[in-house]
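The following report concerns the helix packing and chain contacts of the structure shown here. It begins with a contact between two helices of separate chains.

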Amino acid sequence: MLAWIELLSAWMIPMLIAFIPLYAAYRKVPVYETFIDGAKDGFGTAVSIIPHLVGMLTAISMFRASGALDTIIQSIRPFLELLGVPGEVLPLALLRPLTGAGSLAFVTDLIKTQGPDTFAAKVAATIQGSTDTTLYVLTVYFGAVGIRNSRYALKVGLFSDIVGFFAAVAVCWLLFGQS
Amino acid sequence: MVNWIWLGMIVVSVIFGAANGRMEEVAEAAFGGAQTGVTVCLGLVSILVFWMGLMKIAENAGLVLALSRILAPVVRRLFPDVPAEHPAMGYILSNMSANLLGLGNAATPMGIRAMQELQKLNPDKSVATPAMCTLLALNTASITLVPTTMIAIRMNFGSLHPADIVASTLLATAVATGAALAADRWYRWTSRGG
């Protein structure tokens, strides 16, 4: 099953890249011109995200560098450990929704130092793999179309991050137990 | 809310920077963060240009519409205010399938195309519509069948069963997505008319 899905993932993109123009040519669409026509918008879209992402990443990296993030993690540590969250995994609770690259680096380091088959490594990998970086997704998706008032979207994203975090810990307890 | 989180992070950073004697690091981080923002966007340029070109072909060939017709009954419940025949539906579906298969760099352009189509239905271009919020909720929770990156990293460090996190990830992501959709529904309901 797993091998099959991995094979599918690997084949999917090349097949898609070949299938779409092939089918379009059959439907008499001028494929190359249409490609250029659509691709033109890609650059503008990427550029329009820049202000949003610069604003957000500036605040996040200042937050990390000032030591504020560490202090907050330390202050919620006893509470989270009471709930069965392994101590090594704690920083992920705040890192995951804020920075994708930061949390990936953290998880990679944890897997390296603790060993890939430890309970903490499995919890961390589950958290990293089961959710996306809320602030990044919000910034990029809404930034690309110029939405400035995101209404309740951020609350929903952060709420699902919290639920996902504890769900990951609980599921790992169920499946792997403490080792 | 974004306003307050942003302001809060900056003010708290400066206070902590002063208390911890790390003002220099904070200043450095501000510009480092800005640079990362630009770098990430430039990295998106190639992906967006390529996929948007390919998706234009798909759209003109009628593939986007066909996809939305086939799967619309499933997704229409999540997006009740998007017309079934609208191209937004097709892009929403491509975005969701790409996420599911773990095709991260295809999922983002498709999601952005979906947002652009939803923006055409939006009466106030600077305020998010409920449909946009739902699409965002689906993407922040991001249902993935196989967490390929995590499996690869564990494999790298010599895990005996690198794929044993597939089940735990799938369960956790299902719970998170369920929570996101429930919260989205709740806010959509309570914010109606307000």
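## Helix contact between the chains

In this predicted model, helix 7 of chain A meets helix 6 of chain B through T134(A), V137(A), L138(A) and Y141(A) on one side and L136(B), N139(B) and T140(B) on the other. By class, the residues of this contact comprise 4 nonpolar and 3 polar, with no charged residue.

Helix 7 of chain A covers residues 134-145, and helix 6 of chain B covers residues 130-141. Their axes come within 9 Å and cross at roughly 140°. Angles over 145 degrees would count as roughly antiparallel, and those from 65 to 115 as roughly perpendicular; helix 7 of chain A and helix 6 of chain B are therefore oblique to each other. The crossing of helix 7 of chain A with helix 6 of chain B is right-handed.

## Helix packing within chain A

Helix 7 of chain A also packs against helix 2 of chain A, which spans residues 31-65. The angle between these two helices is about 140°, and their axes are 8 Å apart. Helix 2 and helix 7 of chain A are therefore oblique to each other, and helix 2 of chain A passes helix 7 of chain A in a right-handed crossing.

From helix 2 of chain A, the contact draws on T45(A), S48(A), I49(A), H52(A), L53(A) and M56(A). Helix 7 of chain A contributes L135(A), T139(A), V140(A), G143(A) and A144(A). The contact of helix 2 with helix 7 of chain A has 6 nonpolar and 5 polar residues, and no charged ones.

## Annotated segments of chain A

An unreviewed UniProt entry lists residues 7-26, 46-65 and 156-176 of chain A under "transmembrane region". Over residues 46-65 of chain A, the chain is 100% helix and 0% strand, and the C-alpha atoms at the two ends are 27 Å apart. Residues 156-176 of chain A are likewise 100% helix and 0% strand; there the end C-alpha atoms are 29 Å apart.

## Overall form of the chains

The secondary structure of chain A consists of 8 helices and 0 strands, and its elements run α-α-α-α-α-α-α-α from the N terminus on. Chain A has a radius of gyration of 21 Å, whereas a compact globule of 179 residues would have one near 16 Å. Along the principal axes, the C-alpha atoms of chain A fill a box of roughly 65 × 45 × 30 Å.

Chain B has 8 helices and 0 strands. From its N terminus on, the elements of chain B run α-α-α-α-α-α-α-α. The C-alpha trace of chain B spans about 60 × 50 × 35 Å along its principal axes.

## The side of chain B that touches chain A

In the contact between the two chains, 91 residues of chain B face 86 residues of chain A. On the side of chain B that touches chain A, at least two residues each come from helix 1 (2-19), helix 2 (23-60), helix 5 (104-120), helix 6, helix 7 (148-156) and helix 8 (165-190) of chain B. Helix 2 of chain B supplies the largest share of this side, with 26 residues.

By class, the side of chain B that touches chain A has 57 nonpolar, 27 polar and 7 charged residues.

How values were computed. Residues numbered from 1 in each chain as written. Chains lettered and ligands numbered in written order. Predicted model: local features only at pLDDT ≥ 70, side-chain atom pairs only at ≥ 80, totals over all residues. Axes fitted to C-alpha atoms, helices over the stretch in contact; angles between N-to-C directions. Helix = DSSP H or I, 4+ residues; strand = E, 2+ residues; numbered from the N terminus. Parallel < 35°, antiparallel > 145°, perpendicular 65-115°, else oblique. Left-handed = near helix turned anticlockwise from the far one by under 90°. Contact = placed C-beta atoms within 7 Å. Nonpolar A, V, L, I, M, F, W, Y, C, P; charged D, E, K, R; others polar. UniProt positions renumbered as here; feature names shortened; annotations may be inferred. Rg over C-alpha atoms; globule rule 2.2 N^0.38 Å.
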